[in-house]
Amino acid sequence: MKTILVTGAAGFIGYHLCERLVKEGYRVIGLDNINDYYDVNLKYARLKNLGIERDSISENKITASLIYKDTLQFVKTNLEDRIELPKLFEKFDFHCVCNLAAQAGVRYSLENPMIYVDSNVVGFINLLECCRHFKTKKLVYASSSSVYGNSTDVPFNTNQRVDHPISLYAATKKSNELMAYTYSHLFDITTIGLRFFTVYGPWGRPDMAMFLFTHAILNNKPINVFNNGELSRDFTYIDDIIEGVNLILKKESVNEKYQLYNIGNNKPVKLLDFIEAIEKVTGRKAKKIFLPMQPGDVNQTWANVNDLTERYGYQPNYSIEKGVMEFIKWYYEYYL
């Protein structure tokens, strides 16, 4: 049984990935610091779904799942902890590491820049060092569509230059790609960076548009629509994301030491159409407040996923209508 370390395991994507990998027959060690960037109760609820009870979690203690037993274990620790993280690598012989841990959020990076440096830069280099010294041969890690900045060259292609990030969050993700390249070159580590495009779905983050809009519409509150609605996003449903990550983790034969891929839906949706999809499912009209562009935000995202399709068979399947319906169904079950 191959052992995979999943960082950010209490997060939106990390939770779904842990669940999928255990069902695929892997042994999974999940790591998360459970910070309070958003409601920690949602993070603990995700972990409970994996069989990790809240009262069993304590700092740097490895806890086995009540559902999956030793095939899924969890540890609460910081990625940037230079003492505890190496201990984890020493204890487990990781076949692969999937790094989804990061301080997320473009706008929050304007207010708390040092948190992003600690988690996304220091934490990432600490992880690379552990892979180096404990001979872990493969690292798959989350980058972001934000590295493209306000590029008008769409659809975004991984071959285009990304030298103009417009948020610190984006800059930290670009730095991850550069550090990964260096470690691939110097220490023979396979690193595969995935530029995620606006992931949404059940158990999603409360600071994301899908959640914010749904919550406001159902509670008869206004929603903020930035850039006067002149925005579009390559909204990507969580199941499509997890399928793509799983394809990469399980394929052994691809000969690539360093690679970057876009992972998105390849179908940009106008923000106002996205809101309309929520209105149709909920049966309620949104009260819109049109506002100017926010600092650090971008006008559009659109993923060219041809490389991922050609090399791994990635094929997104969820339409925005189906994805919105699945999210709102979960929202009703969890919150109402």
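## Exercises on a predicted model

Arg161 is exposed, at a relative accessible area of 71% (exposed is over 50%, buried under 20%, partly exposed in between, with a 1.4 Å probe and protein chains only). Before you start: this is a predicted model, where local features need pLDDT of at least 70, side-chain atom pairs count only at pLDDT 80 or more, and totals for chains, interfaces and linings use all residues. Residues are numbered from 1 along each chain as its sequence is written, and side-chain values use heavy atoms, with hydrogens and water left out.

**Exercise 1.** Work out which side chain Arg161 meets in a salt bridge.

*Solution.* Step one, the rule: a salt bridge is a side-chain nitrogen of Lys or Arg within 4 Å of a carboxyl oxygen of Asp or Glu. Step two, the partner: Asp163, at 2.5 Å from N to O. Step three, the setting: Asp163 is partly exposed, at 38%.

**Exercise 2.** Find what the salt bridge between Asp188 and Lys257 ties together.

*Solution.* Start with the distance: the closest N and O atoms of Asp188 and Lys257 are 3.2 Å apart. Next, place them: Asp188 sits in the loop between H6 and E7, and Lys257 in the loop between helix H8 (238-250) and E12, so the pair links parts 69 residues apart in sequence. (Helices, H or I with at least four residues, and strands, E with at least two, are DSSP runs numbered from the N terminus.) Then check the cover: Asp188 is partly exposed at 39%, and Lys257 is partly exposed at 37%.

**Exercise 3.** Decide whether strand E7 (residues 190-196) is enclosed or open to the outside.

*Solution.* Count first: 7 of the 7 residues in E7 are buried, so the rest of the structure largely encloses this strand. Now sort the side chains: Thr190, Ile192, Leu194 and Phe196 point one way, while Thr191, Gly193 and Arg195 point the other. That fits the usual pattern, as side chains in a regular strand alternate between the two faces of the sheet.

**Exercise 4.** Place E7 in its sheet.

*Solution.* Look at one side: E6 (residues 138-144) pairs with E7 in the parallel sense over 7 bridges (pairing takes at least two DSSP bridges between two strands), and Leu194 is the bridge partner of Ala142. Then E12 (residues 258-263): E7 pairs with it in the parallel sense over 6 bridges, and Arg195 stands opposite Asn262. Finally, zoom out: the open sheet has 8 strands in the order E3-E4-E2-E1-E5-E6-E7-E12, with mixed pairing. Its edge strands are E3 (62-65) and E12, each pairing on one side only.
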